[in-house]
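Got your viewer open and a selection box ready? Let's walk through this one stop at a time.

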Amino acid sequence: MLYLFNAEAGKDSLHVKNEDFKYLIKVRRHKVGDELGFRNKEDIERLHIYRLQKIEPRTAVFERISSEILRVKAEKELHIGWCVIDNRSVEKVLASLNETGVKKITFIYCERSQKNFKPDFKRFERILQASNQQCGRTEFMEFATCKGLETFIKENPDTKVFDFTDKKLECESDFTTVLIGCEGGFSAKEKEFLKNQEVFRLDTPMILRSESAVLAVASKILL
């Protein structure tokens with residue numbers, strides 16, 4: 001853990017209780033004199049360093065010793081258009097996508113998306129919060145939804161499409177927006193609509209699950 005979110009971070013004195021207290025004292029076993037980083041979501045780029053002054057039965061008391069602007073973000077930006085799949089599959093790779101530096105994910109209802117699946121943004125945000133604390137990132141990934149491919153391409157005309165093709169994704173590819181289908185890929189109608197977009201594939205003979213493809217593409221572009 002590189003830092004911990006706290007709504008009171010920035011004040012001279014910090015009283016940590018409840019789950020954060022259990023995590024810091026019972027799990028991480030911090031002792032008096034240890035120095036820890038805290039950030040406030042309202043001013044996430046500012047890192048506050050506190051020293052643990054006192055441990056009470058249910059409260060850890062910290063005193064602030066420094067504050068500074070310290071930004072941690074990816075050098076590149078990537079917006080992923082992702083055809084809607086089961087939330088459980090998204091959750092498996094969400095923290096990893098956050099660590100690679102994905103800027104934004106727009107969930108699109110494609111023809112082969114199951115319409116009963118709805119992205120659980122509140123749960124996603126909790127996963128991102130924990131991920132940020134672990135990897136040090138100082139911005140939150142953005143989420144959005146889109147009713148269909150036509151709308152998404154209209155709003156993002158330079159989108160590159162991950163699908164079956166001869167062109168392989170190269171390490172030096174400078175993509176800013178990519179589109180990845182759900183399980184089963186794009187329908188014939190969608191392929192026809194996307195024929196004017198640049199299409200690429202990964203250099204593998206394997207058929208990837210949607211979440212595997214998203215993580216592989218993001219890693220190839222951003223890392």
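Select Cys146 to begin, in what is a predicted model. Is Cys146 buried or exposed? With a relative accessibility of 7%, Cys146 is buried, because anything under 20% falls in that class. Now show its sulfur and look for a partner: the closest cysteine sulfur belongs to Cys110 and lies 8.8 Å away, so the two are too far apart for a bond. A disulfide here needs sulfur atoms within 2.5 Å.

Next, select Cys182. Cys182 also counts as buried, at 7% relative accessibility. Which cysteine sulfur is closest to that of Cys182? Cys83 holds it, at 5.2 Å, and that distance is too far for a bond.

Both of those searches pointed to a cysteine worth selecting, so bring up Cys83 and Cys110 together. Here the sulfur atoms are 2.0 Å apart, and the two residues form a disulfide. As a reminder, a disulfide is a covalent bond between the sulfur atoms of two cysteines. Searching the whole structure turns up one disulfide. Rotate the view to look along the S-S bond: the angle about it is -65 degrees, which makes the link of Cys83 and Cys110 left-handed.

Now colour by secondary structure and see what this pair joins. Cys83 sits in strand β6 (residues 79–83), while Cys110 is in the loop between β7 (104–108) and α3 (121–135). The pair links distant parts of the chain, with the two positions 27 residues apart in numbering. Turn on the surface, and you will find that Cys83 counts as buried at 1% relative accessibility. Cys110 is buried too, at 3%.

For the next stop, select Asn156, in the loop between α4 (149–155) and β9 (160–162). At 16% relative accessibility, Asn156 counts as buried. What does Asn156 touch, once neighbours within four places in sequence are left aside? Show His79 and Thr177, as Asn156 is in contact with both.

Finish at the largest pocket, which holds about 390 Å³ of space. To centre your view there, select Phe162, Asp163, Phe164, Ile207 and Leu208, the closest to the pocket centre of the 22 residues that line it. How does the lining of the largest pocket divide into nonpolar, polar and charged residues? Colour the lining by residue type and you should find eleven nonpolar, five polar and six charged residues.

Definitions and conventions. Residues are numbered from 1 along each chain as its sequence is written. This is a predicted model: local features need pLDDT of at least 70, side-chain atom pairs count only at pLDDT 80 or more; totals for chains, interfaces and linings use all residues. Side-chain values use heavy atoms; hydrogens and water are left out. On a 1 Å grid over the protein atoms alone, a cavity is a set of points where a 1.4 Å probe fits but cannot get out, and a pocket is an open set with protein on both sides within 12 Å along at least five of seven lines; lining residues have an atom within 4 Å of a point. Grid points are joined across faces, edges and corners, and a volume is the space filled by probe spheres set on the points. Ala, Val, Leu, Ile, Met, Phe, Trp, Tyr, Cys and Pro count as nonpolar, Asp, Glu, Lys and Arg as charged, and the others, Gly among them, as polar. Helices (H or I, at least four residues) and strands (E, at least two) are DSSP runs, numbered from the N terminus. Buried means under 20% relative accessible area, exposed over 50%, partly exposed in between (1.4 Å probe, protein chains only). Contact means heavy atoms within 4.5 Å.
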